[in-house]
Amino acid sequence: MHISEEKLKSILLESSLISEDDFNLAYEESKRSGQTITNILIGNEKITEDFLAETLSSYYGVPVVNLKKEIINNSVLELLPEVFAKSKNVVLFSYDKEKGIVKLAMLDPYDYDTIEYIRAKFNAWVEPYITTYSNLHYGFKQYKQKINVGFEQIISQNIEESLLIASQKNLSETAIAVPIVAILDNIINQAITLNSSDIHFEPLEHALLIRFRIDGIMSEILSLPVQIAPILVARVKVLGNLQIDEHRVPQDGRFRFELEDGASLDVRVNIMPVFHGEKVEMRLLKSSARPLTLEDLGFGEEQKKILEEEIKKPHGMILVTGPTGHGKTTTLYAILHILNTPLVNITTIEDPVEYEFPRVNQTQVNVKAGITFANGLRALLRQNPDIIMIGEIRDNETVEIAIQASLTGHLVLSSLHTNDTPSAIPRLLDMKAPAFLLASTINLIIAQRLVRRICNSCIESYKPTDEIINSIKEQIKLSGHEEIGDVPTLLYRGRGCNICNNSGFTGQIGIFEVFSMTNDIRELIKDDIQVSLLRQKAISNGMITMFKDGLNKVERGVTTIEEVMRVVNE
C-alpha cells in the first residue's frame, strides 16, 4: 500500500478508535508474522474493514465500492485475466467503451503502475475505487463460477494422452507424465474456483466419479473413464509422498499446491480401499489473508461478549462441539488468534495440523512415532505453556490430562463431538471425568453448525407457507425457547444466478450456542442432573440456542429457514 507507516498511524490515531499502543503492538506483530498492520488491527478487532476503507477513502480522495452490491457482467470482469487481477488485488467491475471509462476496485488506489497499465490496455480513463479485502475476494469468486466447456475439454484431451502413455509405461512413470499432472491440476484449480472445501474421487464399476463439497453440500462435477482411476490415484500418492504400490490399507498424506497467482494452499489427503478400487479424499486447507474474527464466524454481540470474557481467564477449559465439517477447528483458531500475544506461550497437539499459526508451537499427532493426543499432551505440559489447544478429546486418558492441566493454571481449548452444549457434560462423564472436577474446570462450551449464506446478488423475500410456519413452531418447542412469540412473517431465499451457480447460496456462516458455567449450573453438574434440566436452566439464564441464533439470522436475510432446520437436527 502506497502510504507510509507514520501517515497510516497518524490517520488511525486521529479516529480515536485505536491507541498508540494498539498500533505499536500491531506493527511489532506485522514484523513477526509478515502480515500487514491493517490486517492485524482488523484481525484483533481494533478496527473494521469498512471503517478502514472509509478512512482511507478520505485520505486518497477516491470513493468506496461494495462489490457485493454491484452487478458485475462476466464479460466485463474477464477483460482482466484472473491471475493478473489476483496478483494486483484489483477487480474491473465496470467498462463503458463509448465513454472510454474503466472502473477499478482496488485495495491500493495509489498503485499507479497498475492504473497506467490498464489505461494503456483499454485506451480509457481509469476511475479507481477503494474496497475491502472481503469485497475483493468476493469479486475474485465471480471468475469461472461454472464448470465450463473448456475445463471438460482439457480433461478429455489429457485423459486420452494419459491412457496412451499408461499403455507404454509403468504406473510410476505415468503418474508424473504431463497429461496426468494437467488433469489433477485442473481438477484442483476448478475446486478452488468453486470455493470447494473437499475433492472426492469415487471409483464406481464403470466410471470414476469426481465430486466437490461446496458450502457443505456434495456436488457431482464430472465422470471419468474407469481406466484413468489408478493413474489419477497414483498421481495423488506421488504428491502426498505415499506408497504407490500399496492398495490394501488406508494412507494419509499432505502436499502443497501452487496457485496461478503465486500463492499456495495445503492439501490433506486420505486414500481408502473400497469395493471398486481406492477412494481419494482431498481437503483443501486455505490460509486466509487475515485471521477470521468472531464476527466473521457469525457470533452475535452477546455471544461474543461472553466468549471474550471467558478466554481472558488464566485457567480452565473451553470446549467447542459439533459434527465433523462444521468449523470447530476454525473457531478454535479464531480464539487462539485473539489470545496469541508475546506475553503467552501457546502450544497445540492436533490431528492434523490444518493451518500454520505464527508463533504458536504446533505438534502433529503421529501414532507410528508414538505421539497420540494423550502422551503428546503430557509432553506439552513440560514445555511451560500458558495456553494449550487439543485438537479433539477422544478418550479417557486425554480428558484426564486436560482436566489436570486446567486445574494447574493452564487455559485448555479443545473440541468434542456432541449435538449441543449440555450434552458435552454426560459425554465427558462417560469418559470417566469426575463431575465435581468438570464443574470446577469448564469455563464455557460452544456448540455450532455451518449454514449456507443466501447469495446477495439474487436474494428475494417471500411469505412463509402454513407448513413452514408449523415447522418453525414445532422447532421452537423442541429448542426450549417458548418465549419466542410470533414466527417471522417474511423469509428470504436466493433465486439462483450466475454468481452463485444457480444454487441461491454463496459461502457459509456459523450458528452458535454458548453455554456459560454459572454457579447454579456447576451445582447441577455436581448432582449429575439430566441433560434436559441442564438445558432448561441454561436457557432460563439467558442462553441463546442454536435454533434461536439461526432464526435471528433467518430474519436478517443471512440464511434460509430450510438451512437452519437442516443443520440443527443433525
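**Reading helix H12, a helix pair and a cysteine**

Q: Which residue just after H12 takes a positive phi?
A: That is Asn 241, with a phi of about 60 degrees. Keep in mind as we go that this is a predicted model.

Q: Let's stay with that helix. How many residues of H12 are buried?
A: The idea is to check each residue against a cut-off: buried means under 20% relative accessible area. In H12, 8 of the 11 residues are buried, so the helix is largely enclosed by the rest of the structure. Among them are Ala 229, Ile 231, Leu 232, Val 233 and Ala 234. Two charged side chains also belong to the buried set, Arg 235 and Lys 237.

Q: Why does Lys 237 count as buried?
A: Again we compare with the cut-off of under 20%. Lys 237 counts as buried because its relative accessibility is 1%. Its place is in H12, which covers residues 229-239.

Q: Which side chain makes a polar contact with the side chain of Lys 237?
A: For this we look for N or O atoms within 3.5 Å. Here the partner is Glu 278, at 3.0 Å from side chain to side chain. A polar atom of the Lys 237 side chain also lies 3.4 Å from the backbone oxygen of Ile 244. Setting aside neighbours within four places in sequence, Lys 237 is in contact with residues including Leu 242, Gln 243, His 247, Gln 251 and Ile 271.

Q: Now a helix pair. At what angle do H16 and H17 pack?
A: Helix packing is read from the angle and the separation of the axes. H16 (residues 373-380) and H17 (residues 396-407) pack at about 20 degrees, and their axes are 8 Å apart. That angle makes H16 roughly parallel to H17, since angles under 35 degrees count as such. The crossing of the two helices is left-handed.

Q: Which residues of H16 and H17 make the contact?
A: H16 brings Phe 373, Ala 374, Leu 377 and Arg 378, while H17 brings Glu 397, Thr 398, Ile 401 and Ala 402. Sorted by class, this contact has 5 nonpolar, 1 polar and 2 charged residues.

Q: One last case: where is Cys 458, and is it buried or exposed?
A: Cys 458 sits in the loop between strand E15 (442-454) and strand E16 (459-462). With a relative accessible area of 1%, Cys 458 is buried. Apart from neighbours within four places in sequence, its contacts include Arg 493, Arg 495, Cys 497 and Cys 500. For a sense of scale, Cys 458 and Asn 170 are 288 residues apart in sequence, and their C-alpha atoms are 51 Å apart in space.

Methods. Residues numbered from 1 in each chain as written. Predicted model: local features only at pLDDT ≥ 70, side-chain atom pairs only at ≥ 80, totals over all residues. Heavy atoms only, no water. Axes fitted to C-alpha atoms, helices over the stretch in contact; angles between N-to-C directions. Helix = DSSP H or I, 4+ residues; strand = E, 2+ residues; numbered from the N terminus. Parallel < 35°, antiparallel > 145°, perpendicular 65-115°, else oblique. Left-handed = near helix turned anticlockwise from the far one by under 90°. Contact = heavy atoms within 4.5 Å. Buried < 20%, exposed > 50% of the residue type's maximum accessible area, 1.4 Å probe, protein only. Polar contact = N/O pair within 3.5 Å; in protein donor to acceptor, adjacent residues only side chain to side chain.
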